[in-house]
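Dear colleague,

I am passing on the structure that follows, and below it I set out what was found in it. Please read the notes with the coordinates open beside you.

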Amino acid sequence: MNRLLKALVPTLLSLLLAAPAAAYTIYLKDGSKIEAREAYEVIDGTAYFTYINGTRTFLDAGEIDVERTRTANEQNLGTALVLEGGRVREMKKDEVQQQVDRKTLADLIASRSSTNLDRNQGDAPGTDLATGLPLTRSGHTDLRAAPQRPYGDVERASAIVGLFQSQGLEDVEILEGTGRRSLLARVVTSSEPQVFRAIAVAAAALRQATEDSDLESFQLVLVTPTGERAGQFEITPEMADDLVSRRVDLPLFFQAHVQF
């Protein structure tokens with residue numbers, strides 16, 4: 001692990017520990033819970049599942065609190081953790097419920113997309129006069145159309161790629177941004193947790209970069225595995241500070257700043 005990657009990891013962890021965890025949690029009617037790799041499968045009244053360590057096992061499906069399990073895992077909150085006073089703790093029940101009551105990421109995307117389309121109905125996307133790049137339907141520079149120029153700081157680009165990949169985001173490109181002091185990351189995401197991890201990595205990378213460089217913007221382009229738009233962000237140092245200091249959490253940040 002190189003020097004820059006080591007510097008990035010603590011900041012990223014502080015963000016991700018407060019974000020929804022990726023494991024699947026099975027809640028039982030007696031109040032206990034089981035951490036599994038994925039959702040259980042019921043066959044003839046028996047629920048089969050795999051522990052985090054890879055061990056395959058089963059239990060009577062009647063022991064499972066189906067509604068609580070479904071609700072928590074729909075929001076990726078089965079093993080939600082927060083960092084508080086330097087210690088990691090599990091979210092309390094009322095904290096989890098507050099998260100469950102929020103809109104899902106899919107709802108947020110649909111809401112923002114609908115608003116943008118209504119606002120721009122009948123208008124051609126147009127062109128950004130400053131960059132010559134096309135505009136999105138919401139009037140933002142379409143970062144997917146930016147020139148594919150590799151980022152000049154090879155060490156920093158390698159460290160950022162490594163950080164994305166450490167979070168299961170394997171398909172990543174680090175490029176020159178559209179501004180003189182900007183960096184652009186194109187990341188393939190296939191799930192809600194991956195979207196939040198990508199935002200967290202970008203915030204952590206920009207927060208660290210501003211300490212020893214003049215980087216002023218981290219442009220993040222998210223696409224699906226089939227190449228469809230999943231949103232883009234223009235993250236400033238102030239936004240990164242808000243995320244790292246947890247003045248705003250990842251779902252709310254997405255809602256406030258996603259560009260379509």
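Which residue in β5 is the bridge partner of Tyr 48? The bridge partner is Phe 58, and I come back to the two strands concerned after some words on how the values were obtained.

This is a predicted model, in which local features need pLDDT of at least 70 and side-chain atom pairs count only at pLDDT 80 or more, while totals for chains, interfaces and linings use all residues. Residues are numbered from 1 along each chain as its sequence is written, and side-chain values use heavy atoms, with hydrogens and water left out.

**Overall make-up**

The protein chain has eight helices and eleven strands; these are DSSP runs numbered from the N terminus, with helices being H or I of at least four residues and strands being E of at least two. Of the 260 residues in the protein chain, 45% are buried, where buried means under 20% relative accessible area, exposed means over 50%, and partly exposed lies in between (1.4 Å probe, protein chains only). The protein chain exposes about 13,200 Å², of which carbon and sulfur atoms supply 50%; accessible areas come from the Shrake-Rupley method with a 1.4 Å probe, and for residues only the protein chains shown count as cover. Among contacts (heavy atoms within 4.5 Å) in the protein chain with a separation of 6 or more, 57% are between residues 24 or more positions apart.

**The sheet of β3, β4 and β5**

Strands β4 (residues 46-50) and β5 (residues 56-60) run antiparallel and are joined by five bridges; two strands are taken to pair if DSSP finds at least two bridges between them. Together β4 and β5 form a hairpin with five residues between them, and Gly 54 in the turn has a positive phi of about 100 degrees. Besides the pair named at the start, Thr 50 stands opposite Arg 56 in β5. The hairpin belongs to an open sheet of three strands, in the order β3-β4-β5 and with antiparallel pairing. β3 (41-43) and β5 stand at the edges with a single partner strand each, so one side of each is left without a neighbour in the sheet. From one strand to the next the twist averages 30 degrees, with axes fitted as lines to C-alpha atoms (for helices over the stretch in contact) and angles running from 0 to 180 degrees between N-to-C directions.

In the loop between β3 and β4 lies Asp 44, which has a positive phi of about 50 degrees although it is not a glycine. Asp 44 is exposed, with a relative accessible area of 78%. As background, most residues other than glycine have a negative phi.

**The sheet of β8 to β11**

An open sheet of four strands has the order β8-β9-β10-β11, with mixed pairing. Its edge strands are β8 (172-176) and β11 (229-235), each of which pairs on one side only. β8 pairs with strand β9 (residues 182-188) in the antiparallel sense over five bridges, and Glu 173 stands opposite Arg 186 in β9. Helix α5 (residues 154-166) packs on the sheet and touches β8, β9 and β10 (217-223), its direction making about 150 degrees with that of β8.

Ser 182 lies in strand β9 and counts as buried at 3% relative accessibility. A polar atom of the Ser 182 side chain lies 2.8 Å from the backbone nitrogen of Gly 179, which falls under the heading of a polar contact, that is, a pair of N or O atoms within 3.5 Å where, within protein, one must be able to donate a hydrogen and the other to accept it, and where residues adjacent in sequence count only if both atoms are side-chain atoms.

**Nonpolar cores**

A nonpolar core is a set of buried Ala, Val, Leu, Ile, Met, Phe, Trp, Tyr and Cys residues joined through side-chain atoms within 4.5 Å. The largest has 44 residues, of which Phe 164, Ile 174, Phe 218 and Leu 220 touch the most other members. The largest share of this core, twelve residues, comes from helix α6 (residues 192-212). Apart from it lies another core, of eleven residues, which include Tyr 24, Ile 26, Leu 28 and Leu 59.

With best regards
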